[in-house]
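I opened the notebook today to go through this structure one element at a time. I wanted to write down what each look-up returned before moving to the next.

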Amino acid sequence: MSKAGLKIIVCIKQVPAVQDIKIDPITHTLIRESMPSMLNPWDEIGVEEGIRLREKYGGEVTVITMGPMQAKEAILRCLAMGADRGIIISDKALAGSDTIATAYALYMQIKKMEYDLIICGKISTDSETGHIGPHLAELLNIPQICYVKKVDLDIEKRRIIAHKEADGGIEIVEAPLPALMTTTIGLNEPRLPTLKGIISSKRKEVKVVTAKDLGGSLSNYGLRGSPTFVDEVFEPPSRKPEMIFQGDPKEAVEKIVQVLLNKKLISSRS
Amino acid sequence: MITMSIDEKLSLNTYKVYKENHIIVDKEKCITCIDKPCIYCCPTNTYSWENDDLIISFEGCVECGTCEIVCPYKKIRLTYPPLGHGIIYRYG
Amino acid sequence: MQKEKFDAIVVGAGPAGTTSALIMAKAGLSVALLERGDYPGAKNMYGGAIYRWPLELIVPDFAEKAPIERRIVDHRFMILSKSSGFNFSFKNLSFAQPPYNAFTTLRAKFDLWYAKLAEEAGALLATSVSVTDLIWDGKKIVGVRAGKGSENELYGNIVIAADGANSKLAIQAGLRHPLRPEEVALGVKEILELDRKIIESRFNLGENEGVAIQALGVTHGMMGGGFIYTNKNSLSIGLVVLLEHLIKSKIRPYDLLDEFKRHPLIEPLIEGGEPKEYSAHLVPESGYYGIPKLYTDGLMVVGDAASLTSSIYQEGVNMAIESGIYAAKAAIKAKELGDYSSNTLSYYEKLLKSSYVMKELYQLKDLPKIFRDNPRLFSIYPDLINYVMKELFSMDGELRRVKSKKIIKMIRQRVGFSKLLLDLIKARKIFSY
Ligand SMILES: Cc1cc2nc3c(=O)[nH]c(=O)nc-3n(C[C@H](O)[C@H](O)[C@H](O)COP(=O)(O)OP(=O)(O)OC[C@H]3O[C@@H](n4cnc5c(N)ncnc54)[C@H](O)[C@@H]3O)c2cc1C
Ligand SMILES: Cc1cc2nc3c(=O)[nH]c(=O)nc-3n(C[C@H](O)[C@H](O)[C@H](O)COP(=O)(O)OP(=O)(O)OC[C@H]3O[C@@H](n4cnc5c(N)ncnc54)[C@H](O)[C@@H]3O)c2cc1C
Ligand code: SF4
Ligand code: SF4
């Protein structure tokens with residue numbers, strides 16, 4: 001840990017704020033422009049946790065995103081909550097990145113920085129792979145703890161102690177810093193930015209990083225660096241209830257049973 | 001399709017729905033309010049009357065302010081959903 | 001830490017607030033422009049058109065830069081009865097040439113573009129900020145609040161309330177009462193997407209040319225009317241009705257809109273349009289007499305918040321901009337003098353009084369009342385005009401002389417001549433300036 005206190009990096013992503021997501025029929029990627037967007041909810045939790053740890057132990061919270069320049073709004077939202085500075089990795093050469101290329105770009109940036117703790121979200125609401133956090137930890141060769149519900153640091157021993165969700169219960173895991181953790185719902189209740197926070201976010205530093213700044217071979221970035229091949233993307237047919245049974249519950253149940261019988265989905269064995 | 005139901009109209013819109021209701025109604029007068037103009041003047045069908053109670057489905061509200069003005073007893077107070085929540089017009 | 005203080009806090013990044021912020025920022029004032037929407041325009045809706053003037057005073061090359069949909073060359077009026085319409089149009093092709101005259105634009109795009117200009121000029125634009133209260137120091141307004149606690153306070157020498165028709169700040173500042181149903185109308189509107197080629201052939205328009213249509217006789221006698229504006233590849237169709245009349249009619253606004261859309265003369269115009277958005281917004285209708293006190297110590301009210309709209313011509317954006325200019329000028333003067341009391345801010349009213357806005361509103365000052373009290377204008381006259389036209393144009397072997405007798409009888413039945421005469425006199429008053 002540097003003298004200036006904890007260095008926390010939170011990876012964040014801007015995601016569409018609406019359900020009716022449109023997909024480009026040719027490139028099979030999301031049509032992102034002109035859609036209202038928001039901060040991925042798991043990342044909002046990540047930023048909150050980063051700020052809380054800074055408030056407890058001192059230090060600095062940096063938020064990083066890779067995305068179109070529009071994603072700067074998501075950075076500003078984090079700065080308004082109280083993060084100290086932001087970095088946006090934005091470049092045409094990065095368009096079309098899959099999870100591998102995204103994690104790689106984040107890695108190339110983060111490896112140049114000082115950090116004690118990296119926080120990612122469990123998943124993002126639009127692609128929902130949950131790959132980025134673990135992949136990034138592997139690239140950086142640091143321990144990872146996923147789906148964290150509760151976390152504290154032991155500053156003396158430079159360790160992270162986390163309660164993580166596991167099948168059928170909670171596991172308590174310890175690891176040395178620097179480490180990477182991913183958040184889950186319930187870790188905290190993110191604060192709402194205040195008016196002063198919003199005003200000051202406009203004056204905080206947001207650094208723009210290009211593919212060239214990242215360094216390395218361009219073939220590792222963007223569509224070229226993305227081995228994932230999307231065979232087909234389709235908009236799920238919006239599910240409408242076929243029938244709604246109203247009225248007296250008992251009668252309604254009888255009606256449902258009758259319909260199921262008629263459809264031969266159940267049989268009557270009297 | 002030339003005309004559509006109000007629910008279909010609202011489903012065209014983009015909302016960032018906030019968890020809390022931003023329309024504050026003091027329902028003390030509602031039961032004796034004869035015409036209940038909030039119900040039929042609201043352009044988004046936010047209000048309805050069920051089982052002697054005024055139901056407020058605030059999710060589709062476009063924050064226009066009509067209900068506040070038409071309530072004869074001035075019992076409605078429209079606040080705005082915080083942090084850019086609520087209606088987000090993409091055309092306007 | 002010393003309390004930060006702006007020279008001016010502008011609440012609302014609509015045309016009025018953005019104009020003020022832009023001009024003050026250009027003059028070197030520190031300005032915070034606060035907007036409750038996710039982005040400027042996210043909460044705003046209107047019919048459809050803005051005029052070149054006075055926007056060109058602020059952005060001389062706006063015709064090239066602004067997100068304009070179409071340049072209006074054709075203003076059409078439709079006076080409708082159930083199955084017929086008396087329609088006329090004013091088409092001026094010089095409107096298709098620079099400097100043009102009026103433009104259709106969509107608020108979600110226009111307001112955002114415009115507010116970015118204020119930001120570039122140095123104003124601090126903060127979106128997603130919903131101002132809840134004014135902060136007072138004695139009788140003086142010294143800032144705004146957007147929630148509880150000192151973290152949600154912001155201080156400024158001047159607050160400009162540009163928070164639109166349903167202005168909460170003007171009420172809090174003690175400048176006006178809450179709007180009454182007879183002072184304000186509700187507008188509802190739909191965006192219908194339609195291929196630009198279809199729009200151009202259907203409305204007989206060249207590329208980038210647009211039409212604005214006003215329709216009377218579609219509001220069941222309520223004060224108000226319908227409108228259609230052509231955008232690049234969509235139509236804006238909607239209508240406006242006075243709240244006082246809406247309350248009495250018990251017609252639901254969206255049903256009224258659907259009825260308008262189904263009118264046999266309207267339906268063919270919008271056929272094939274794919275609905276994209278449904279919106280609603282208030283518009284002040286009280287005219288000159290509804291203008292509140294415009295300033296107090298530390299605060300000025302501009303645009304719709306000061307009820308500066310003209311119902312007959314469906315204007316408002318131009319007046320919002322003009323009032324925004326004058327408020328900014330007064331703020332700049334106040335900064336020079338270091339005096340933010342109502343004494344200095346009265347300069348705003350002085351400028352406004354000799355402006356287009358006020359002269360126009362003064363001329364039309366009796367209009368809102370005439371409209372309100374004469375449902376004839378919105379139902380019987382449209383019917384009557386259509387009846388007259390039908391009689392005059394249908395060739396059924398009846399002599400025109402006989403027809404005119406029938407017409408006179410009809411008028412007598414529906415309105416009565418004394419009333420007609422009175423309405424004509426009133427109408428003359430409106431148009432005789
Ligand atoms: C072939 C292909 C093409 C694609 N094209 C594009 C495109 O053109 N534009 C585009 O935006 N997306 C594109 N995507 C989607 C994009 O690659 C993924 O969204 C991204 O890799 C992250 O995956 P995820 O959303 O599943 O993240 P998850 O792994 O579910 O997210 C977990 C956490 O990782 C972090 N994280 C995720 N994404 C980012 C990021 N971008 N910056 C910082 N932190 C992040 C956050 O902390 C997040 O909470 C494409 C995907 C594929 C497969
Ligand atoms: C149906 C209809 C059709 C119209 N047609 C036309 C037309 O064709 N041409 C024309 O010129 N005019 C038209 N008008 C009038 C025009 O829309 C208005 O006059 C104009 O928008 C006024 O501008 P403004 O800046 O004063 O207010 P607004 O444009 O209403 O802007 C007010 C801003 O303040 C924000 N705000 C409000 N409260 C708060 C708060 N508490 N905190 C932070 N921000 C806040 C709002 O989000 C909004 O952005 C029409 C109006 C309607 C309703
Ligand atoms: S109009 Fe007012 S009093 Fe009447 S039902 Fe609605 S909220 Fe209640
Ligand atoms: S503000 Fe407008 S849309 Fe919202 S509930 Fe009131 S009348 Fe309905």
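**Chain A, helices on the sheet.** I began with helix H3 (residues 99–110) of chain A, which lies across strand S1 (6–11), S4, S5, strand S6 (117–121) and S11 of chain A and runs at about 145° to S4(A). I note at the outset that this is a predicted model, in which local features need pLDDT of at least 70. I then looked up helix H2 (residues 72–81) of chain A, and found that it lies across strand S4 (59–66), S5 and S11 of chain A, at about 165° to S5(A).

**Chain A, the sheet itself.** I next asked in what order the strands of this open sheet come. The nine strands follow the order S9-S8-S7-S10-S6-S1-S4-S5-S11 in chain A, and their pairing is mixed. Strand S9 (169–176) and strand S11 (206–209) of chain A stand at the edges with a single partner strand each, so one side of each has no neighbour in the sheet. From one strand to the next, the twist averages 30°. For the S11(A) edge I also looked up the pairing, and strand S5 (residues 85–89) of chain A is joined to S11(A) by four bridges, the two strands running parallel. Within that pairing, A:Ile89 has A:Val209 in S11(A) as its bridge partner.

**Backbone outliers.** I kept in mind here that most residues other than glycine have a negative phi, and that most peptide bonds are trans. Which peptide bonds did I note as cis? In chain A, the bond from A:Leu177 to A:Pro178 is cis, with omega near -5°, and A:Pro178 lies in the loop between S9 and strand S10 (179–183) of chain A. In chain C, the bond joining C:Pro98 and C:Pro99 is cis with omega about 5°, and C:Pro99 lies in the loop between strand S5 (85–91) and strand S6 (102–104) of chain C.

I then turned to positive phi values. A:Asn141, which is not a glycine, has a phi near 60°, and this residue sits in the loop between helix H4 (132–140) and strand S7 (144–154) of chain A. Is A:Asn141 buried or exposed? A:Asn141 counts as exposed because its relative accessibility is 68%, and the cut-off for exposed is over 50%. In chain B, B:Asp52 likewise has a positive phi, about 60°, without being a glycine, and I found B:Asp52 in the loop between strand S3 (47–50) and strand S4 (53–56) of chain B. B:Asp52 also counts as exposed, at 57% relative accessibility.

**Ligand 4.** I looked up which residues surround this ligand. There are 14 residues around ligand 4, and B:Cys42, B:Cys61, B:Cys64, B:Gly65 and B:Cys67 come nearest. Sorted by class, the shell holds nine nonpolar, four polar and one charged residues.

**Chain C, two helices in contact.** Helix H1 (residues 15–26) and helix H10 (residues 317–337) of chain C have axes that come within 7 Å and cross at roughly 35°, and the crossing is right-handed. On the H1(C) side the contact includes C:Pro15, C:Thr19 and C:Ile23, and on the H10(C) side it includes C:Val317, C:Gly324 and C:Ile332. The residues of this contact divide into 12 nonpolar, three polar and no charged.

I followed C:Ala328, found in helix H10 of chain C, a little further. C:Ala328 is buried, with a relative accessible area of 0%, and, leaving aside residues up to four places away in sequence, touches C:Ser20, C:Ile23 and C:Met24. C:Ala328 and C:Leu22 are 306 residues apart in sequence, yet 8.6 Å apart in space from C-alpha to C-alpha.

**Chain C, strand S10.** My last look-up was strand S10 (residues 153–161) of chain C, where nine of its nine residues are buried. Strand S1 (residues 5–11) of chain C pairs with S10(C) in the parallel sense over six bridges, with C:Val10 opposite C:Ile160. Strand S9 (residues 140–145) of chain C pairs with S10(C) in the antiparallel sense over three bridges, and there C:Val144 has C:Leu154 as its bridge partner. Strand S17 (residues 299–301) of chain C runs parallel to S10(C) and is joined to it by three bridges, with C:Val159 opposite C:Leu299.

Technical notes: Residues are numbered from 1 along each chain as its sequence is written. Chains are lettered from A and ligands numbered from 1 in the order in which they are written. This is a predicted model: local features need pLDDT of at least 70, side-chain atom pairs count only at pLDDT 80 or more; totals for chains, interfaces and linings use all residues. Side-chain values use heavy atoms; hydrogens and water are left out. Axes are lines fitted to C-alpha atoms, for helices over the stretch in contact, and angles run from 0 to 180 degrees between N-to-C directions. A crossing is left-handed if the near helix is turned anticlockwise from the far one by less than a right angle, and right-handed if clockwise. Contact means heavy atoms within 4.5 Å. Ala, Val, Leu, Ile, Met, Phe, Trp, Tyr, Cys and Pro count as nonpolar, Asp, Glu, Lys and Arg as charged, and the others, Gly among them, as polar. A residue is near a molecule or strand if one of its heavy atoms lies within 4 Å of it. Two strands pair if DSSP finds at least two bridges between them. Buried means under 20% relative accessible area, exposed over 50%, partly exposed in between (1.4 Å probe, protein chains only).
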